[in-house]
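The exercises below concern the empty and occupied spaces of one model, and each task is followed by a solution that proceeds step by step. Please work through each task before reading its solution.

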Amino acid sequence: MTHRKPSSLHPHKITIGKRDRVFVLTGAGISAESGLSTFRGAGGLWAGERIEDIASPRGWHRDPERVWRFYSQRREKAAEAEPNDGHRALARLEEQLGERFFLCTQNVDNLHERAGSRNLVHMHGELSQSRCDSCESEPFTDAHLYPDASTHMRCECGGRIRPNIVWFGEVPLHMERILDELSRCTLMLVIGTSGVVQPAASFVHWANQHHTEDRPVRTYYVGPEHPANAIAFTRVFEGAAGEILPTLFHLA
Ligand code: APR
């Protein structure tokens, strides 16, 4: 268990030193203030849905029409959404820290990029891309909506074109890079994720494992509710990302 005292110099801020390396993990909560629904809880995307029907290879093979309908609606919503103050605060922080900043998002929208973030990976894929469900051909940019089966596309190999989203039972993307960044970071900031989906929910533990007296690691959570893994954080900042993030950082 890790509970370390936060800096008392600026009790409501996170002090980032000249040698800190910052790892940021974001979840659906950071896009909530842009009008995009989160997954869990009342009114969430999974309310009234069985996750395995929509977000699993088995669900896709059983009913591709239903799966594409769900992701088409999300494409439409994400295209209408604008980045909020939370996305913008992280882009500003990256501008200040340069290569000492790394962003890993579980989100499939592109609001971080549109706010100006550059050094980021989408571990659960991207809504604006599709790929073949059979061959290894590269994912491609695709803004199409697929309201019914007559609009579905086939790859040259005969496979079906599916959303480039990592579903339950599939391996998240960019894990090698993520593990490397987790082992090097001295400050982790997790924003707007319920802390129940693996492996992302374990990243805070992996970062904490690299804590030593000589090279302390601090881990912070920002969101309106405590996540399931709250106990692993040095401190939880309770509130909406768009309200907290713009004034959270103090660069020493
Ligand atoms: N600012 C910060 N956090 C917020 C805000 C806000 N304005 N509004 C809501 N939240 C928090 C909620 O308190 C909740 O803890 O965002 C979290 C969203 O949790 P989930 O809906 O579970 O989303 P997430 O953790 O990103 O889901 C992880 O699950 O279904 C899969 O692949 C999907 O990437 C997704 C993964």
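**Exercise 1.** How do the residues of the lining of the largest cavity divide into nonpolar, polar and charged?

*Solution.* The structure is a predicted model, and the search for enclosed spaces covers the whole of it, finding two cavities of 30 Å³ or more. The largest cavity has a volume of about 60 Å³. Among the 13 residues that line the largest cavity, those closest to its centre are Leu25, Val190, Ala200, Ala201 and Asn229. Sorting the lining by class then gives the result: nine residues are nonpolar, four are polar and none is charged.

**Exercise 2.** Find which residues line the second largest cavity, and state which elements each supply at least two of them.

*Solution.* Begin with the volume, which is about 40 Å³ for the second largest cavity. Its lining consists of Arg21, Val22, Phe23, Glu99, Arg100, Phe101, Phe102, Glu181, Arg184 and Cys185. At least two lining residues come from each of strand 2 (22-26), strand 3 (101-105) and helix 6 (175-184). By class, this lining has five nonpolar and five charged residues, with no polar ones.

**Exercise 3.** Describe the second largest pocket by its volume, and then by the elements and domains that contribute to its lining.

*Solution.* The space in the second largest pocket amounts to about 170 Å³. Of its 14 lining residues, Arg75, Ala78, Ala79, Leu127 and Ser128 are the closest to the centre. Two or more residues of the lining are given by helix 3 (64-80) and by strand 5 (125-132), and the largest share, four residues, comes from helix 3. Turning to domains, the lining draws at least three residues from domain 1 (14-36 + 83-124 + 174-251) and at least three from domain 2 (51-80 + 127-165). The class count is six nonpolar, three polar and five charged.

**Exercise 4.** Which residues come nearest to the ligand, and how much of the ligand's accessible area does the protein cover?

*Solution.* There are 22 residues around the ligand, and Phe39, Arg40, Thr193, Ser194 and Glu225 come nearest. In this shell, 10 residues are nonpolar, nine are polar and three are charged. Next, consider individual atom pairs: a ligand oxygen atom is 2.4 Å from an N or O atom in the side chain of Glu225, while a ligand oxygen atom is 3.3 Å from a polar backbone atom of Gln106, and a ligand nitrogen atom is 3.4 Å from a polar backbone atom of Gly29. Finally, the ligand on its own has 740 Å² of accessible area, of which the protein covers 91%.

Technical notes:
Residues are numbered from 1 along each chain as its sequence is written. This is a predicted model: local features need pLDDT of at least 70, side-chain atom pairs count only at pLDDT 80 or more; totals for chains, interfaces and linings use all residues. Side-chain values use heavy atoms; hydrogens and water are left out. A residue is near a molecule or strand if one of its heavy atoms lies within 4 Å of it. A polar contact is a pair of N or O atoms within 3.5 Å; within protein, one must be able to donate a hydrogen and the other to accept it, and residues adjacent in sequence count only if both atoms are side-chain atoms. Accessible areas come from the Shrake-Rupley method with a 1.4 Å probe; for residues, only the protein chains shown count as cover. Ala, Val, Leu, Ile, Met, Phe, Trp, Tyr, Cys and Pro count as nonpolar, Asp, Glu, Lys and Arg as charged, and the others, Gly among them, as polar. On a 1 Å grid over the protein atoms alone, a cavity is a set of points where a 1.4 Å probe fits but cannot get out, and a pocket is an open set with protein on both sides within 12 Å along at least five of seven lines; lining residues have an atom within 4 Å of a point. Grid points are joined across faces, edges and corners, and a volume is the space filled by probe spheres set on the points. Domain bounds come from an automatic or database domain assignment.
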